[in-house]
Amino acid sequence: MSTRPEYNKETEIVSDVQPAWVSESHIGIGLEPEVLSPVASSSPRNDTGDDGVVKESDKVAIHTYITTDSALSLCTQTAGWVTDYLLCGVGLGLAISLISEGIPEPVAHETDTLQIWVLLFLLTSSLSGLMGGLIHHHCHRLLLLSEYKTTIDARLKKLWSAVLIVGSLPNFCLFSMGTWLVVKKTSTALVVTYFGAGFYGVVALAVGYTRRIKIHIFASLPTILYLTGSSIYRLDEDSAKWVLAASIGLVGAGCVVAFKISPSPDKFNHNALLHCCLIVCCTLMYVGIRI
């Protein structure tokens with residue numbers, strides 16, 4: 001029968017080996033591929049050895065492991081979680097403001113339906129900011145102070161999958177906005193919307209399972225271009241002009257993520273700048289609906 005050895009803080013072991021789940025795909029939470037050291041083994045590590053005894057070498061203080069590791073330390077960058085919470089607050093505040101004016105009946109009018117999708121975009125963006133803020137700010141608390149790197153890595157994978165799945169929801173709202181801007185016939189718009197729901201459902205499952213941010217980026221690009229084209233097509237409407245401005249901002253946000261543009265990689269990385277771009281886009285869409 002295996003027994004778990006007593007943890008001795010004075011003999012705590014901190015490994016500089018990167019967890020196996022960290023790869024070039026994890027740029028969404030600030031994990032830079034160029035700072036990663038080679039993974040010691042491609043196979044996942046176990047908490048127990050062949051004899052069933054817990055390996056002492058796998059024991060580590062989680063806060064030290066997360067905040068001192070060259071890659072994982074970027075997860076806890078202050079600017080990242082501050083801007084995440086700011087996105088959450090702004091999105092939720094704008095959504096509440098729209099709700100206070102009364103929610104229109106669905107498909108009663110193109111403008112009313114567009115308002116619903118803008119509202120859903122604000123709410124999903126707020127939820128995405130909250131999820132991101134939690135994993136950036138309270139990462140070590142969410143992992144329940146585990147002593148073992150294998151457990152830490154497994155829980156981080158689950159948290160990151162959840163963040164990516166939630167992050168796919170705003171894309172569906174953007175796609176639906178573009179559809180209801182262009183398609184005049186309600187039945188046709190509904191069919192296209194259902195198609196979008198199925199497509200982005202598959203994307204959410206794929207990105208959640210693989211945890212590859214590139215899938216998320218590739219799915220976002222045609223969505224943003226579709227919204228931009230729809231806004232240009234309906235430029236005769238004031239709301240479309242503001243949606244066009246927001247879609248251009250989303251193009252800029254995509255460039256920030258794709259090319260990792262940032263004022264300071266150590267203090268204000270591309271992840272924090274992305275959140276600022278999304279806040280501006282949310283505000284532009286809100287203004288476009290309210291005018």
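How many disulfides does the structure hold? Zero. Keep that in mind while you click around; we'll come back to the cysteines at the end. One thing before you start: this is a predicted model.

**Start with the whole chain**

Show the cartoon and walk along it from the N terminus. You'll pass 10 helices and zero strands, so the run of elements reads α-α-α-α-α-α-α-α-α-α. Now colour by accessibility: of the 291 residues in the chain, 46% are buried. If you have a contact map handy, take the contacts with a separation of 6 or more; residues 24 or more positions apart account for 73% of them.

**Select 186–210 and 213–233**

These are helices α7 and α8. Their axes sit 9 Å apart, and the packing angle is about 155 degrees. Angles over 145 degrees count as roughly antiparallel, and that is why α7 is called roughly antiparallel to α8. Show sticks for the residues that make the contact: on the α7 side they are V192, Y200, V203, A206, V207 and T210, and on the α8 side I215, H216, A219, T223 and Y226. Sorted by class, this contact has eight nonpolar residues, three polar ones and no charged ones.

Next, pick R211, in the loop between α7 and α8. Its phi is near 55 degrees, a positive value in a residue other than glycine. That deserves a second look, because most residues other than glycine have a negative phi.

**Zoom in on Y226**

Stay on α8, where Y226 is found. At 30% relative accessibility, Y226 counts as partly exposed. Which residues does Y226 contact, leaving aside its neighbours within four places in sequence? Light up F175, G178, T179 and V192. With T179 there is also a polar contact, side chain to side chain, at 3.0 Å. Then draw a C-alpha to C-alpha distance from Y226 to L174: you should get 8.7 Å, for two residues 52 apart in sequence.

**Hop to N171**

Select helix α6, residues 169–182, and find N171 in it. Is N171 buried or exposed? It is buried, with a relative accessible area of 8%. Its side chain makes a polar contact of 2.9 Å with the side chain of S220. Not counting residues up to four places away in sequence, N171 touches Y200, H216, S220 and T223. Some of those names should ring a bell: Y200, H216 and T223 are among the residues in the contact of α7 with α8.

**On to S247**

Now highlight helix α9, residues 238–259, and centre on S247. This serine is buried, with a relative accessible area of 0%. Where does its side chain go? It reaches the backbone oxygen of L244, at 2.6 Å. Beyond residues up to four places away in sequence, S247 touches I224, L227 and T228.

**Add α10 to the selection**

Keep α9 on screen and bring in α10, residues 270–290. The two helices pack at an angle of about 175 degrees, with axes 8 Å apart. That makes α9 roughly antiparallel to α10. To see the contact, show S239, W242, A245, A246, G249, L250, A253, V256 and V257 on α9. Across from them, show H270, L273, L274, C277, L278, C281, L284, M285, V287 and G288 on α10. The class count here is 15 nonpolar, four polar and no charged residues.

In the loop between α9 and α10, click K260. Its phi is positive, about 50 degrees, although K260 is not a glycine. K260 counts as partly exposed, at 29% relative accessibility.

**Last stop: the cysteines**

Back to where we began, with zero disulfides. Pick C255 and look for the nearest cysteine sulfur: it belongs to C277 and is 9.5 Å away. A disulfide needs two cysteine sulfur atoms within 2.5 Å, and C255 is in no disulfide. C255 counts as partly exposed, at 32% relative accessibility. For a contrast, finish on C88, which is buried at a relative accessible area of 13%.

Methods
Residues numbered from 1 in each chain as written. Predicted model: local features only at pLDDT ≥ 70, side-chain atom pairs only at ≥ 80, totals over all residues. Heavy atoms only, no water. Axes fitted to C-alpha atoms, helices over the stretch in contact; angles between N-to-C directions. Helix = DSSP H or I, 4+ residues; strand = E, 2+ residues; numbered from the N terminus. Parallel < 35°, antiparallel > 145°, perpendicular 65-115°, else oblique. Contact = heavy atoms within 4.5 Å. Nonpolar A, V, L, I, M, F, W, Y, C, P; charged D, E, K, R; others polar. Buried < 20%, exposed > 50% of the residue type's maximum accessible area, 1.4 Å probe, protein only. Polar contact = N/O pair within 3.5 Å; in protein donor to acceptor, adjacent residues only side chain to side chain.
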